[in-house]
Amino acid sequence: LAKASLYGDLLLYANWFFYGLLQNFPITAYGENGALLGQSLIIVAMMWHFDKTTSVQEKMAVGVGFGLYVLMILFALPPEYQSILISMSLPITIYGRGSQILETYRLKHCGAQSIITLGTTLIGITIRIITTLSELKGEVYVMMGMIVSLFINGTLVVQYFLYKTNTEKFLEELAKTKEEEKKKKKE
């Protein structure tokens, strides 16, 4: 995955989760975003561990910046400006997922992206749209963000099938390369 997409997920899920929390929405309308935020934190930590190209400075900047961002949302953001969290979700989604779409287009394969993950994300967004329609009537910004997210994540699913053959070839080559590296280490 593109780093921008992973970092964008942190902001996106934090915004959705804390907006719902601060607005006292029913937990069913925003709780999933808390779980997704936790999952995204774990994925970023794993990326940092396995991707040796990520500098210590980048890790510090993202970690400290994200921590300060959450503190600002919880303790410094006045109620009349909390809707900014949802308004920011549109450009964050477009930037984060858009960078993934562009990277997939550039490479002409999806790497190790799983159709199961892409599919469950699409199903989750669809369910959130239904939940939002029934529980948060009148939340136009929330609905707009979800519709954009549905379109963008739908694009990722289309790319998965569009580049499936290339992805399979890429993964085969990757497996061969790893196998050759193992043989060299044994020698």
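Colleague: How many helices and how many strands are there in the protein?
Modeller: This is a predicted model. The protein has eight helices and zero strands. From the N terminus, its elements run α-α-α-α-α-α-α-α. The C-alpha trace spans about 65 × 35 × 25 Å along its principal axes.

Colleague: At what angle do α1 and α2 pack, and how far apart are their axes?
Modeller: Helix α1 covers residues 3-22 and helix α2 residues 27-50. The angle is about 155°, and the axes lie 8 Å apart.

Colleague: Why is α1 called roughly antiparallel to α2?
Modeller: The cut-off is an angle over 145 degrees. The pair packs at about 155°. That value passes the cut-off, so α1 is roughly antiparallel to α2. The crossing of α1 past α2 is left-handed.

Colleague: Which residues meet where α1 packs on α2?
Modeller: From α1 they include Leu 6, Leu 10, Tyr 13, Phe 17 and Leu 21. Partners in α2 include Leu 37, Leu 41, Val 44 and Trp 48. By class, the contact has 17 nonpolar, four polar and two charged residues.

Colleague: How do you know whether α5 is parallel or antiparallel to α7?
Modeller: Look at the angle. Helices α5 and α7 pack at about 10°, with axes 10 Å apart. Angles under 35 degrees count as roughly parallel. The value falls under that limit, so α5 is roughly parallel to α7.

Colleague: What meets what between α5 and α7?
Modeller: Ile 94, Arg 97, Ile 101 and Tyr 105 are among the α5 residues. Val 148, Ser 149, Ile 152 and Leu 156 are among those in α7. The contact divides into eight nonpolar, eight polar and one charged. Arg 97 of α5 takes part, and Arg counts as charged.

Colleague: What makes α1 and α5 roughly antiparallel to each other?
Modeller: Their packing angle is about 155°, and their axes are 8 Å apart. The limit is again over 145 degrees. The angle exceeds that limit, and α1 and α5 are therefore roughly antiparallel. Their crossing is left-handed.

Colleague: Which residues of α1 and α5 meet?
Modeller: Asp 9, Leu 12, Tyr 13 and Trp 16 are among those in α1. Thr 93, Arg 97 and Gln 100 are among those in α5. The contact has seven nonpolar, eight polar and two charged residues. Asp 9 and Arg 97 are in the contact, and Asp and Arg both count as charged.

Colleague: How many cavities of 30 Å³ or more are there?
Modeller: The count comes to two. The largest has a volume of about 170 Å³. The second largest has about 40 Å³.

Colleague: Which residues are closest to the centre of the largest cavity?
Modeller: Of the 14 lining residues, they are Leu 12, Tyr 13, Trp 16, Arg 128 and Ser 149. Helices α1, α5, α6 (115-135) and α7 (140-162) each supply at least two lining residues. Helix α7 gives the most, with four. The lining divides into five nonpolar, seven polar and two charged.

Colleague: Which residues line the second largest cavity?
Modeller: Trp 16, Tyr 19, Gly 20, Phe 25, Ala 29, Tyr 30, Asn 33, Leu 136 and Val 142. Helices α1 and α2 each supply at least two of the lining residues.

Colleague: How do the residues of that lining divide into nonpolar, polar and charged?
Modeller: Seven are nonpolar, two are polar and none is charged. Gly 20 and Asn 33 are in the lining, and Gly counts as polar here.

Notes
Residues are numbered from 1 along each chain as its sequence is written. This is a predicted model: local features need pLDDT of at least 70, side-chain atom pairs count only at pLDDT 80 or more; totals for chains, interfaces and linings use all residues. Side-chain values use heavy atoms; hydrogens and water are left out. Axes are lines fitted to C-alpha atoms, for helices over the stretch in contact, and angles run from 0 to 180 degrees between N-to-C directions. Angles under 35 degrees count as roughly parallel, over 145 as roughly antiparallel, 65 to 115 as roughly perpendicular and the rest as oblique. A crossing is left-handed if the near helix is turned anticlockwise from the far one by less than a right angle, and right-handed if clockwise. Contact means heavy atoms within 4.5 Å. On a 1 Å grid over the protein atoms alone, a cavity is a set of points where a 1.4 Å probe fits but cannot get out, and a pocket is an open set with protein on both sides within 12 Å along at least five of seven lines; lining residues have an atom within 4 Å of a point. Grid points are joined across faces, edges and corners, and a volume is the space filled by probe spheres set on the points.
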